[in-house]
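Reader: I have the model open beside me and would love to talk through some of its labels. Could you walk me through the reasoning behind them?

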Amino acid sequence: VGPKKEVAECKEKFASSVDPTVSQAFMLDRVFNPEGKSLPPMRGFKYSSWSPLGCDANGRCLLAALTMDNRLTIHANLNRLQWVQLVDLTEIYGERLYEASYKLSKADTPRGELGDFSEFQRRHSMQTPVRMEWSGICTTQQVKHNNECRDVGSVLLAVLFENGNIAVWQFQLPFLGKESITSCNTIESGISSPSVLSWWEYEHNNRKMSGLIVGSAFGPVKILPVNLKAVKGYFTLRQPVVLWQEMDQLPVHSIKCIPLYHPYQKCSCSLVVASRGAYVFWCLLLISKAGLNVHNSHVTGLHSLPIVSMTADKQNGTVYTCSSDGKVRQLIPIFTDVALKFEHQLIKLSEVFGSVRTHGIAVSPCGAYLAVITTEGMTNGLHPVNKNYQVQFVTLKTFEEAAAQLLESSVQNLFRQVDLTDLVRWKILKDKHIPQFLQEALDKKIESCGSTYFWRFKLFLLRILYQSMQKAPSEVMWRPSHEDAKILISDSPGMGSTEDDQEEGTSKQASKQGLCDTGKGMDIDDTADDSLPQSSDIGGREPMEEKLLEIQAHIEAVEMHLTREHMKRVLGEVYLHTWITENTSIPTRGVCDFLMSDDGYDDRTARVLIGHILKKMNKQTFPEHCSLCKEILPFTDRKQAVCSNGHIWLRCFLTYQSCQSLVYRRCLLHDSIARHPTPEDPEWIKRLLQGPCTFCDSPVF
């Protein structure tokens, strides 16, 4: 709010002021006094907001976090289980205001000095965030040095401040830090005592409209236009739209915006729901020839206590609300000729978890689970001595509904539907078989369209079935082992081990390695030699072991199909982006020979593509060489490359190059490994390296 020395002098002056309206207001406000002296420290978070998928360098979400001492920062999960702060927006915004002399525009009249208490309050309130929300990903145009235009993804972060102003930050994707900030514009909302913020995003006739919904602690709700430059297909409102104007002292606690399709009007519409006290305020907005139509009302009789949390399933428009007494309401919108009505039913958590108090709810991205934060409720009319906060999960869909949604999904990405796949996984683990209807429906999908998504779904089902057939591990799999690894040193004096003991240890290690190779790609405990039932009959295997081998053969066949499909894609990229006899770092000849090595594989598309590529290569082979001994690395295995001297290098599953470095990336489920892009790589290879795992759709770290 000003130079450090001047701020310290002003704080001392206000704290010792003889005017109680100044001294008490200053001492009791934790924005002015974050240290608080005898008061508890301001640790923890006020609010957090997740960005859409695809915003960080790994194609995952960014996290905007607002701390108790009013500092807004953005974090990213760059490495596995490691969160890094990328930027401090509070500091950057403060510097911008300082340079502009705390004026939002040049036309603003200069205000008083910092020593004036009202000016001191104003400078704090214009930088104290209340809420922040991310927009959807939009496309902007960037002009290159040669005057060419290229499309660049960007995302907006709206930050609502205490004084009602809204700062709209625009970030270029992938967001890397301060250098990715494109612009920051401040909007004056005109709402006093703002409490909540949400993006309004509406699509009409392939035109995307956007705005910001702001709610007040006094009751009003309105949509503000947001003007953006150089955003393709982006439109906004001409002027603010008031959704609710009554100052009825019912604070707006939460706002959700749900895109829906109106079956009677035959057009898309937007449903805005807001929790106000114990009621739910709803507003239906749709664009017709007459302009923007607004229908609004309140849903009453839901809760006897104020609503503490609200969430919405954006796929079907279902809204969930909860109050602190452990009651959750499900509101289902039903369209009428004019507007809509809500059917609601009560979900009593006490019947599932016993007597509990609820503090918050959230629905999973595809609507499979409802997460509830609970503490112990009253027992015999007494409150508990200690509060133990727990996150409980309630299933909202059956296994059949989740399987049907996965089969008919337009997303076609298993990672983005992980809550649905979790329901399917749990069913197979429990029943130890894949239901017949799901197998038949999946086979029909594979025969009709042949999309690799359905092959990946089939691989997922087979792996879970394989896992369900194994014995449960004796130890908890996630718990780290504190035992030291034992190494057998044959020539060490005083070991006291005989040759027979050494041979026995070697044979055990070999059998363990063989079984571990069988279960590659699965989350199997290291003690894999105990996970399969041993055969009691010397002449043949037990039925369970035969079943496991049969499933493993199916898994390998599906993995090979997915590998071949990705190889065709890689070869297509090579053909499109290379000249005659050009040496790329991708082992093109090796991939071609690997695809044609199997006599049973007859794909006309692959044969034609390989013929064109070999004609372009003009009898050149361009083999890879081992970086240790300079010997040729033959392409005989899709997972690794072994030179004649026995040096083993793992292969990148995205480009099939050998990873001849000490650092590489792995997919989230540890299916495959990939190399890091290098500065010498052309743009098309860098694009290939940005792809997800070809087996499970997971991002790569």
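Author: Happily! This is a predicted model, and a good place to start is the salt bridge between the side chains of Asp-697 and Arg-456, at 2.8 Å from N to O.

Reader: Why is the contact of Asp-697 and Arg-456 called a salt bridge?

Author: The cut-off is 4 Å between a side-chain nitrogen of Lys or Arg and a carboxyl oxygen of Asp or Glu. The N to O value here is 2.8 Å, so the pair qualifies as a salt bridge. Asp-697 lies in the segment after helix H14 and Arg-456 in helix H9, so the pair ties together parts that are 241 residues apart in sequence.

Reader: What makes Arg-675 and Asp-681 count as buried or exposed?

Author: Buried means under 20% relative accessible area. Arg-675 has 10% and Asp-681 has 9%, so both count as buried. Their side chains also meet in a salt bridge, at 3.0 Å from N to O.

Reader: And why is Arg-71 called partly exposed?

Author: Partly exposed covers the range between under 20% and over 50%. Arg-71 is at 35%, so it falls in that range. Its salt-bridge partner is Asp-88, with the closest N and O atoms 2.8 Å apart. Asp-88 is buried, with a relative accessible area of 12%.

Reader: How do you know that the buried residues of helix H2 are on the same side?

Author: Those residues are Val-22, Ser-23 and Phe-26. They cover an arc of only 90° around the axis, which puts them on the same side of H2. On the other side, Thr-21 and Leu-28 are exposed.

Notes. Residues numbered from 1 in each chain as written. Predicted model: local features only at pLDDT ≥ 70, side-chain atom pairs only at ≥ 80, totals over all residues. Heavy atoms only, no water. Buried < 20%, exposed > 50% of the residue type's maximum accessible area, 1.4 Å probe, protein only. Helix = DSSP H or I, 4+ residues; strand = E, 2+ residues; numbered from the N terminus. Arc of directions from axis to C-beta.
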